[in-house]
Amino acid sequence: MGRYQRKTDRQSWSQESMAGAIQEVLEGNMGYRRASKAYSVPQTTLERKVKEARQKKLSSEAAAVKMLGRYKTVFSEAQEKEFVQHLIHLEERLFGITLSDLRILAFELAEKNNIPHVFNTEKRMAGKDWLYGFLKRHPRLVLRYPEKTSIARAKGFNRVAINAFFDLLDSLYSKYKFSPNDIYNADETGILTVANKPSKVLALRGKKQVGTLTSAEWGVLVIAETCVNAAGNFLPPMFVFPRKKENPLLMDDAPPGSFAVYHESGWINKETFFVWFKKFLEHSNPGPKKPVLLIIDGHNSHTKSLELVNLAWANNVVLLCFPPHTTHRLQPLDVSFMAPLSTFYEQETRKWLINHPGRCVTIYQVGKLFKAAFSRAATVQTAVKGFGKTGIYPFNNVFPEYLLEPSETTEKPLDNTSELKQASCNGDVEHQPSTSSSETMPTIETQPFSSTFNISPAVVMPFPRETESIIKRVNDKRRGKTAILISSPYKAELVTIERERSGKKNKQKRALFKNITILLLLKIKKQRKRKWKNQ
């Protein structure tokens, strides 16, 4: 790649002066001779620049740019702006392109628009000179490592789902007048004896591989249930240890007020979350004149327990569920707390390994390490920022359109939106008129605009769209939906599910008893036949 430098004193005029002279001539305030003398620029150069500005419809600043001999940009300024905007839209829809893709796209764009170029026709891609010049002219574009986003989250975080959630939240605020001390968010996180992502360390430049010490290749998972309110107060966490029997040694040096439950799998389920909810009632102290709002995700242990819903309703706790696959944007703990907690836990783990050489972090050190990390991460500022950034408190549907653009690939509405509206209006919550268009799925209409290309970049590389309908699982009961869980329609739905489950279990028991009875009868017949043969 060449680095071009001027070797003569030609074009010694300033770019600002040339831009001013071009502007005066274009506006008709001065002629070529007067403008060249007033701004100290060559008259012939000024005439050429003005001609280019009129033919290519360039601004005075763009026309005044100095060129290095025959080296010129393939696309005009307006075309490159349109090109840059298309690249930004692709990235917003999670379909960002690489440098090689950009070079190929530039070649195809020049070929289809019959624009003269010196690109490589054998490789069918633009050269590196054009690439780095393009990036230098447009500093808005930068090469970044993208964050992985699942298809489910890209589809789930759409305007219909967000508006349905905020409509329910608005109706609850209007009815119960919650204070920030009474608005809670609960979520669980996994703690490994081996940290997920190590921190950066200083190393020799050019070294191919840099290592760090860990306790093992794979760690033991412990679940921690955390909870915080909008005023910034954190509740003591609950630990779920992968053990059958209780072991008090696992809670040595754990955070004050924390407690543990034990389950063979180590995962949270309906029973363990119900234990935590009883502790939550002791700390939040809800009452008829002081109801409490608890916002949770749609995990099966949170939304499919009729016993939990009945206990919440009896103790004046309003349970609200997030829409599926939206907690990365809507849940305050996920937005502001979990990332620093994970970082601080990794730092505490690394300190422990340095202070205890030759030893491994086991499940018995999790409580102590988590305590140090939790005390650093659980600050009032972090909690208040999480609730504010998600728009839960203060109430504000804050999400800009570019965060919702990944869902435009499918444009699928939330399946149960109409049911949720009916559930929220059926006597349990006074539903307020929605100011958003969440009743119908917004359609994406292409805005008419005059492209600077004959064939625009959106035609050469269009935005990906889902063309075939994906078959969904019928009666998916694993994940909860956006709903007020203590509402009568939702409770009735849970009762129906429990009856179906109990009916299936009874049917299975009867079938099993019938099979056992048949086997016993066959066995008795065989024994009788043997006796007759022996006689």
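## The annotated N-terminal region

According to an unreviewed UniProt entry, residues 32-52 carry the annotation "DNA-binding region". In this structure, which is a predicted model, the span is 86% helix and 0% strand, and the C-alpha atoms at its two ends lie 14 Å apart.

Helix α1, made up of residues 15-27, has 13 residues and extends 18 Å from its first C-alpha to its last, close to the 18 Å expected at 1.5 Å a residue. Its buried residues are Met18, Ala19, Gly20, Ala21, Ile22, Glu24 and Val25, and what covers them includes α2 (32-39), α3 (43-56) and α4 (60-63). Just after α1, glycine 28 adopts a positive phi of about 80 degrees.

## The mixed sheet

Further along the chain, the strands can be described together. An open sheet is formed by 6 strands in the order β4-β3-β2-β1-β5-β6, with mixed pairing. The edges are occupied by β4 (259-263) and β6 (317-321), each of which has a single partner strand, so one side of each is left without a neighbour in the sheet. From one strand to the next, the twist averages 25 degrees.

Within this arrangement, strand β2 (residues 221-229) and strand β3 (residues 238-242) run antiparallel and are joined by 3 bridges; the bridge partner of isoleucine 223 is valine 240, which belongs to β3.

## Helices against the sheet

Helix α16 (residues 380-390) packs on the sheet, where it touches β1 and β2, and its direction makes about 75 degrees with that of β2. Helix α10 (residues 270-284) lies across β1, β2, β3, β4, β5 (292-296) and β6, and runs at about 150 degrees to β5.

## Isoleucine 191 in strand β1

Isoleucine 191 is part of strand β1, which covers residues 183-192. Because its relative accessibility is 4%, and the cut-off for a buried residue is under 20%, isoleucine 191 counts as buried.

Leaving aside residues up to four places away in sequence, isoleucine 191 touches Val220, Leu221, Val222, Ala224, Phe239, Tyr345, Val366 and Phe370. Among these contacts, Leu221 falls in the residue range of β2, as do Val222 and Ala224, while Phe239 falls in that of β3. Tyrosine 345 is also in contact with isoleucine 191; the two residues are 154 positions apart along the chain, yet their C-alpha atoms are separated by 8.6 Å.

Conventions
Residues are numbered from 1 along each chain as its sequence is written. This is a predicted model: local features need pLDDT of at least 70, side-chain atom pairs count only at pLDDT 80 or more; totals for chains, interfaces and linings use all residues. Side-chain values use heavy atoms; hydrogens and water are left out. Helices (H or I, at least four residues) and strands (E, at least two) are DSSP runs, numbered from the N terminus. Buried means under 20% relative accessible area, exposed over 50%, partly exposed in between (1.4 Å probe, protein chains only). Contact means heavy atoms within 4.5 Å. The expected span of a helix is 1.5 Å times one less than its number of residues. Two strands pair if DSSP finds at least two bridges between them. Axes are lines fitted to C-alpha atoms, for helices over the stretch in contact, and angles run from 0 to 180 degrees between N-to-C directions. UniProt positions are given in the numbering used here, feature names are shortened, and annotations may be inferred rather than shown by experiment.
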